[in-house]
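Welcome! Please take a moment to look over the sequence and the 3D view before reading on.

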Amino acid sequence: MEPLAFVLGVPLAGALLLALWGHHEVAREINVACSLAAFLAACALTAQVIDGGPRLVWNQAFYIDALNVFLVTLTSFVGLTTSIFSRPYMKIERDHGKMTPPRLRLYHSMYQLFGFTMLLALTTNNLGILWVAMEAATLTTVVLVSVYRTAASLEAAWKYFILCGVGIAQALFGTVLLYMAAEKLIGAEGGALLWTQLDAVKGQLDPRAITIALAFLFIGYGTKVGLVPVHNWLPDAHAEGPTPVSAVLSGLLLNVALYAVLRCKVLADGALGNGLAGAMMMGFGLLSVVAAAFLLSRQRDVKRMFAYSSIEHMGLMTFAFGLGGPIATYAGLLHMTVHSLVKSAIFFAVGHAAQTAGTQLMSEIRGLIKVSPTVAWGLVLGTLAILGMPPFGVFASEFLIITTAMREQPWATPFLLAALGVAFASVFSRVQPMVFGETQLAPLAHPPALLPVFVHLGLGLMLGLYVPPALDAWFREAARMVGG
């Protein structure tokens, strides 16, 4: 049986099942079971691609190669650990009256549907279906962000819908322009939006049409990445939605959107040969890093602060991919992987901390080390990891990016170093009193799910010290495809 059928079919079937049973106690276990099955299928698919190379599936409708196969596994893995985290989290939210049975059913079903849309976007060979999957991910995320039905969550969901809706409309126009340029070469019946077909003829595409298409595609998918200045939806969506949604937004959706940008970059580089895509990515990436770093110091809500941290890190990845070349692209892929693991772990810890204090305001979260030592250490270690302290993997990827920038684009190095320094000071100065200050807080009624926190941090630490050969081979092959 084709593993891809399970990768896509399990979360879709899970969404349908949980639409009926998502309000029952067993729904949390069904959610975890579906996520586990999707992860195991993704592992089987990865092993198949490692052994046999890139694969075209189902009449060229789906294409699995080095650039997306490990992202599929990473997406399903973080989806699994987030579903484990959400079991006690949602139980506490239900006890506090924030989640009613209809809301639980909506949350569980949309969680699985959201996972399906991301996996579909990663595996499809058709750039039109990629756009459809990204639009579907937007719609499911709107529902997840607004699930509390408070005024703030509805406002955040509306802002997310409008901004990302406008952005995805730009991506649609870019996709249409790309089709028009490719149809002249491939023909209407030849699959003018199939990635494999476009990649084969990219050197013959009309440069004028591709230049315009690139601008629309970059702005459209860049909105989903959270690049400045089209980032405004991201902090609100993270702050007002449930914490498991924040974890998958930062850890997964931003990666999938950046993956779409990378596919477009490969085509533009082949068609234009002038480095325009790389220059755009460096410019917007650096702007995002610097702007987010300075906005961090103004935040009072802990989830908003780490949302701006996500903008900073997505900007750093975008800058690395814009630099191009094997080292910078390798570093960008490594950073993408480690950021997904570490940032989702941070949101796991932050979710339990906010539930303990009954608020997300950092000034009112104090003394976690006395109330819940494991949550406190998870937050401290996650913060140090995301700020680039050695020997975590973020340090390794940032070191590679900065040293490459010193050689290739030395003008950008002072901006990167200053932004990283400001971000370190801003975040650590806020987290330290949250963990070690005086408190009168009481422990949570239900034991928090901390295994996902330390599994993620352990993997982030490992990737700073040792990259497994299979993962290293993927990074190298994907770097060759993206950055030359």
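The report below walks through helices, cores and some unusual backbone spots.

This is a predicted model, in which local features need pLDDT of at least 70 and side-chain atom pairs count only at pLDDT 80 or more, while totals for chains, interfaces and linings use all residues. Residues are numbered from 1 along each chain as its sequence is written, and side-chain values use heavy atoms, with hydrogens and water left out.

**A serine in a helix**

Let's begin with Ser109, which sits in helix H4 (residues 101–123). Helices here are DSSP runs of H or I with at least four residues, strands are runs of E with at least two, and both are numbered from the N terminus. Ser109 is buried, with a relative accessible area of 5%. Buried means under 20% relative accessible area, exposed means over 50%, and partly exposed lies in between, using a 1.4 Å probe and protein chains only. The side chain of Ser109 reaches the backbone oxygen of Leu106 at 3.2 Å. Setting aside neighbours within four places in sequence, Ser109 is in contact with Ala15, Leu18 and Ala19; contact means heavy atoms within 4.5 Å.

**Two helices side by side**

Two packed helices are described by the angle between their axes and the distance between the axes. For helix H2 (residues 27–52) and H4, the axes come within 10 Å and cross at roughly 5°. That makes H2 roughly parallel to H4, a label for angles under 35 degrees. The axes are lines fitted to C-alpha atoms, for helices over the stretch in contact, with angles running from 0 to 180 degrees between N-to-C directions. Which residues of H2 and H4 meet? From H2 come Ala27, Arg28, Asn31, Cys34 and Ser35, and they meet His108, Tyr111 and Gln112 in H4.

**A covered helix and the cores**

Helix H9 (residues 233–240) is mostly covered, with seven of its eight residues buried. Among them are Trp233, Leu234 and Pro235. The buried residues of H9 pack against several helices, including helix H5 (127–145), helix H10 (243–272) and helix H13 (325–357).

H10 also gives the largest share of the largest nonpolar core, 20 residues. A nonpolar core is a set of buried Ala, Val, Leu, Ile, Met, Phe, Trp, Tyr and Cys residues joined through side-chain atoms within 4.5 Å. Of the 169 residues in the largest core, those touching the most other members include Tyr221, Leu258 and Trp474. Beyond its neighbours within four places in sequence, Trp474 is in contact with residues including Ala66, Phe70 and Leu333. A second, separate core of six residues includes Val10, Ala27, Cys34 and Ala38.

**Unusual backbone spots**

Most residues other than glycine have a negative phi, and most peptide bonds are trans. The table lists the exceptions to look for.

| Place | Feature | Value |
|---|---|---|
| Val228 and Pro229 | cis peptide bond | omega about 10° |
| Pro390 and Pro391 | cis peptide bond | omega about 5° |
| Trp58 | positive phi | phi about 55° |
| Asn59 | positive phi | phi about 55° |

Pro229 is found in the loop between H8 and H9, and Pro391 in the loop between helix H15 (373–386) and helix H16 (393–408). Trp58 belongs to the loop between strand E1 (55–57) and strand E2 (62–64), and Asn59 lies in the loop between E1 and E2. Are these residues buried or exposed? Trp58 is partly exposed, with a relative accessible area of 43%, while Asn59 counts as exposed at 76% relative accessibility.

How values were computed: Polar contact = N/O pair within 3.5 Å; in protein donor to acceptor, adjacent residues only side chain to side chain. Parallel < 35°, antiparallel > 145°, perpendicular 65-115°, else oblique.
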